Protein chains: 2
Amino acid sequence: MSTETTIYLNLRQRLTSGGFPHGEKLRPEILRKEFNCSANTIREALLRLSTVGLVEFQEQRGFRVPELSDSLQHELTHMRILLECEGACLSIRQGGVAWEARLSAAHHKLSHIESRVRLSGGEVGPLITLWSTAEQEFHETLIDGCGLDVLRQTHLVVYHRFRQQLITSDREFIYIPENIEQHKMILDAALDRDEDAVRERIQDHLSRNLMHPLPIATASKKPLAKSIANLAT
Amino acid sequence: MSTETTIYLNLRQRLTSGGFPHGEKLRPEILRKEFNCSANTIREALLRLSTVGLVEFQEQRGFRVPELSDSLQHELTHMRILLECEGACLSIRQGGVAWEARLSAAHHKLSHIESRVRLSGGEVGPLITLWSTAEQEFHETLIDGCGLDVLRQTHLVVYHRFRQQLITSDREFIYIPENIEQHKMILDAALDRDEDAVRERIQDHLSRNLMHPLPIATASKKPLAKSIANLAT
DNA sequence: TATTTGCAAAATCTCAAAATTTCAGGAATG
DNA sequence: CATTCCTGAAATTTTGAGATTTTGCAAATA
């Protein structure tokens, strides 16, 4: 038996890792049998997922996995750049050594997996889950020292949708060498406390899979919230 | 009788306009009678509201209106500055005359209501609903020409939570004259296409009620997404 | 007096079925 | 031939009740 929140998390995991084809209808009756629960419980989970954009909901017409969309992919990338640049710069200012250590650790794990992928000739295969998790953890840690819960929560929502959009287009898994190099460069810039370099490298890294490069409005100098973090104690 | 989405929207409206005291428990049984529907339908609406942060949900312990929190207030203000600055600068670049016209119109309405408030000696009273709506519309229009749906959606979620936090502390309704002046200055800077001025004035305006002023990381030069908007056609 | 224990009342969560709405395809109409 | 209308089937949404868990409060203990 599964509780409502368990089902919500399980479905979210599958939606962000290619468990459902884009555009597919999500029928409560089917999922009900799979989770061995009531149709109502499924409905509650799907409604929650719809408020964060991972499923589309239409009254009296049920639930659907969002279609692939280049423009949505671009929008989500734009949002990631905006949020990760801000979060990373604030982390540099306020995260302290503890944050630097966490980021180093996250990069080390990611780098290890990336190497294994490269050694197997770019074949991701069974490492894909490990890699996905490590990459998400690196990017989350990057903004983890900023002291702003809302920023982290918002980023996570955006990131999930980004992953959902990326998953079958599998562009993510093309430029392995560049990927490894870019993660390293972001780490170095962060440890150097060089905010401008961090911004630039995050932007390069995130827009690497887009058809058209992105001119950025927010690549700027001063982050926003030293005083906020002090308050948030 | 009410449908699920109707209930969701109705509750959201009340949650963002002081309809429930902070920290109050939201009992499905009570709401059930009010909407004349089943407890389950209420539960679905409350679960959805919990995913956007307007109600807190704990398993087996029901639903609660979030408590007032200075640090949350600061975080939400920070997010608003980040999103509105980016959205406004992109709008300046891509909104065209149509956007400028919409912004002018929104400001005109807001300005009219603000004047009426000032004339009645700062007593907001029955105008509060009109004023709230007009202010929200102005700030939404400000970022409305940016061409990024995700940015608008994200901003709306943040804005709702901001309003919920602000509502009973009613600091919003203190500095009427400054408020009027600040809206005008944002409008002027936008029509002048002066991005730096827009950023600065948005930041001043949004942080006006905070105890401590906010140093900003993202107050920068170049927005991000000309190419995105072109794609999004 | 302060803390813990136990029980009853109330609330939450899940379920299966009824009520409502949409969908697909064939017949009737222009 | 294209369009509209109808009808049965399938899917969605709501309901009310049962099972489980939490909460409030008084009694007991230290």
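Let's start with DNA strand C. In this predicted model, 19 residues surround DNA strand C. The closest are A:Ser38, B:Pro28, B:Asn40, B:Arg43 and B:Gln60. Which part of the DNA faces the protein? Of the strand C atoms that come within 4 Å of the protein, 80% belong to sugar and phosphate.

Now the class of those residues. The surface near DNA strand C has ten polar residues, six charged and three nonpolar.

On to single atom pairs. Take B:Arg43, one of the closest residues. A polar atom of the B:Arg43 side chain sits 2.2 Å from a phosphate oxygen of DNA strand C. A:Thr3 also faces a phosphate oxygen of strand C, with a side-chain N or O atom at 3.4 Å. A:Asn40 points us to a base instead. There, an N or O atom of the A:Asn40 side chain is 3.5 Å from a base nitrogen of DNA strand C.

Which elements give two or more residues to this surface? Chain A offers helix H3 (39-51). Chain B offers helix H3 (39-51) and strand S2 (56-58).

Let's leave the DNA and look at one residue, B:Thr154. You'll find B:Thr154 in chain B, in helix H7, which covers residues 149-166. Is B:Thr154 buried or exposed? Its relative accessibility is 12%, so B:Thr154 counts as buried. The cut-off for buried is under 20%.

What does B:Thr154 touch, once we set aside neighbours within four places in sequence? B:Thr154 is in contact with A:Met79 and A:Thr154 from chain A, and with B:Leu83 from chain B.

Conventions. Residues numbered from 1 in each chain as written. Chains lettered and ligands numbered in written order. Predicted model: local features only at pLDDT ≥ 70, side-chain atom pairs only at ≥ 80, totals over all residues. Heavy atoms only, no water. Helix = DSSP H or I, 4+ residues; strand = E, 2+ residues; numbered from the N terminus. Buried < 20%, exposed > 50% of the residue type's maximum accessible area, 1.4 Å probe, protein only. Contact = heavy atoms within 4.5 Å. Near = heavy atom within 4 Å. Polar contact = N/O pair within 3.5 Å; in protein donor to acceptor, adjacent residues only side chain to side chain. Nonpolar A, V, L, I, M, F, W, Y, C, P; charged D, E, K, R; others polar.
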